[in-house]
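The following exercises concern a single protein chain. Each task is followed by a solution that proceeds step by step.

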Amino acid sequence: MNKMKRDYENIINIIPMILQIILNVSLVVLAGILSVLLVKELIVFFQMLIGSDSNDYKLFLTNILIFFLYFEFISMIVKYFKENYHFPLRYFIYIGITAMVRLIIVDHDNPLYTLLYSLVILVLIIGYYIMHITPRASIKK
């Protein structure tokens, strides 16, 4: 009975390690894909900057914000590995704020939606402020 219990505990201990490996490999692949898209966005950005005769500032700003979204996701994946397999909450807030700013720039035809997007940004900033002023509890293992 004791041997069976040890075997069961070994299997239970192996499962999280296997899932962690799958997650890590998936995140590395995702980071590679996002890096390719980031470089592609840079190429499009330079083509717009050099070759374009139009002065469509909305398209220009949209591409810049898309670039920052890719950049923030890649930074978040890097931080995940640096902080011992943990996603810092502040990166999700940064990404949310950037995405809302992009929405306001791209889709500002409806004033009610623009107001709602602005309120979402305000809530995210207040959440970040509360998170920033709250002291961290030390976690003991």
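Of the 141 residues of the chain, 20% count as buried, where buried means under 20% relative accessible area, exposed over 50% and partly exposed in between (1.4 Å probe, protein chains only). The model is predicted: local features need pLDDT of at least 70 and side-chain atom pairs count only at pLDDT 80 or more, while totals for chains, interfaces and linings use all residues. Residues are numbered from 1 along each chain as its sequence is written, and side-chain values use heavy atoms, with hydrogens and water left out.

**Exercise 1. Overall form**

Describe the secondary structure of the chain and determine how its radius of gyration relates to the globule rule.

Solution.
Step 1. The chain contains four helices and zero strands; these elements are DSSP runs (helices H or I, at least four residues; strands E, at least two), numbered from the N terminus. In sequence order the pattern reads α-α-α-α.
Step 2. The radius of gyration, taken over C-alpha atoms, is 21 Å, whereas the globule rule (2.2 Å times the number of residues to the power 0.38) gives 14 Å for 141 residues. The value is well over that of the rule, so the chain is more spread out than a compact globule.
Step 3. The C-alpha trace spans about 75 × 35 × 25 Å along the principal axes.
Step 4. Among contacts (heavy atoms within 4.5 Å) with a separation of 6 or more, 62% come from residues 24 or more positions apart.

**Exercise 2. Annotated spans**

State which residues the UniProt annotation "transmembrane region" covers, and examine the spans 88-106 and 112-131 in the model.

Solution.
Step 1. According to the unreviewed UniProt entry, the annotation covers residues 12-39, 59-81, 88-106 and 112-131. UniProt positions are given in the numbering used here, feature names are shortened, and annotations may be inferred rather than shown by experiment.
Step 2. Residues 88-106 are 95% helix and 0% strand, and their end C-alpha atoms lie 28 Å apart.
Step 3. Residues 112-131 are 100% helix and 0% strand, with 28 Å between the end C-alpha atoms.

**Exercise 3. Packing of α2 and α3**

Classify the relative orientation of helices α2 and α3 and characterise their contact.

Solution.
Step 1. Helix α2 (residues 57-82) packs against helix α3 (residues 89-106) at an angle of about 170°, and the axes are 10 Å apart. Axes are lines fitted to C-alpha atoms, for helices over the stretch in contact, and angles run from 0 to 180 degrees between N-to-C directions.
Step 2. The two helices are therefore roughly antiparallel, a class that takes angles over 145 degrees (under 35 is roughly parallel, 65 to 115 roughly perpendicular, and the rest oblique).
Step 3. Residues of the contact include Leu61, Leu65, Ile66 and Glu72 of α2, and Tyr91, Ile95, Thr98 and Arg102 of α3.
Step 4. The contact residues comprise 15 nonpolar, three polar and five charged. Here Ala, Val, Leu, Ile, Met, Phe, Trp, Tyr, Cys and Pro count as nonpolar, Asp, Glu, Lys and Arg as charged, and the others, Gly among them, as polar.
Step 5. Ile66, in helix α2, touches Glu41 and Arg102, not counting residues up to four places away in sequence. The C-alpha atoms of Ile66 and Leu37 are 9.9 Å apart, at a sequence separation of 29 residues.

**Exercise 4. Individual environments**

Decide whether Asn24, Ile77 and Val123 are buried or exposed, and list contacts of Asn24 and Ile77.

Solution.
Step 1. Asn24 lies in helix α1 (residues 2-51) and is buried, because its relative accessible area is 13%. Beyond residues up to four places away in sequence, Asn24 touches Tyr80, Phe81 and Tyr85.
Step 2. Ile77 belongs to helix α2 and is buried at 6%. Neighbours within four places aside, Ile77 is in contact with Leu27, Leu30, Ala31 and Leu34.
Step 3. Val123, in helix α4 (residues 111-133), is exposed with a relative accessible area of 57%.

**Exercise 5. Backbone of a loop**

Examine phi for Asn84 and Tyr85.

Solution.
Step 1. Most residues other than glycine have a negative phi.
Step 2. Asn84, in the loop between α2 and α3, has a positive phi near 60°. Asn84 counts as exposed at 57% relative accessibility.
Step 3. Tyr85 lies in the loop between α2 and α3 and has a positive phi of about 60°. Tyr85 is partly exposed, with a relative accessible area of 42%.
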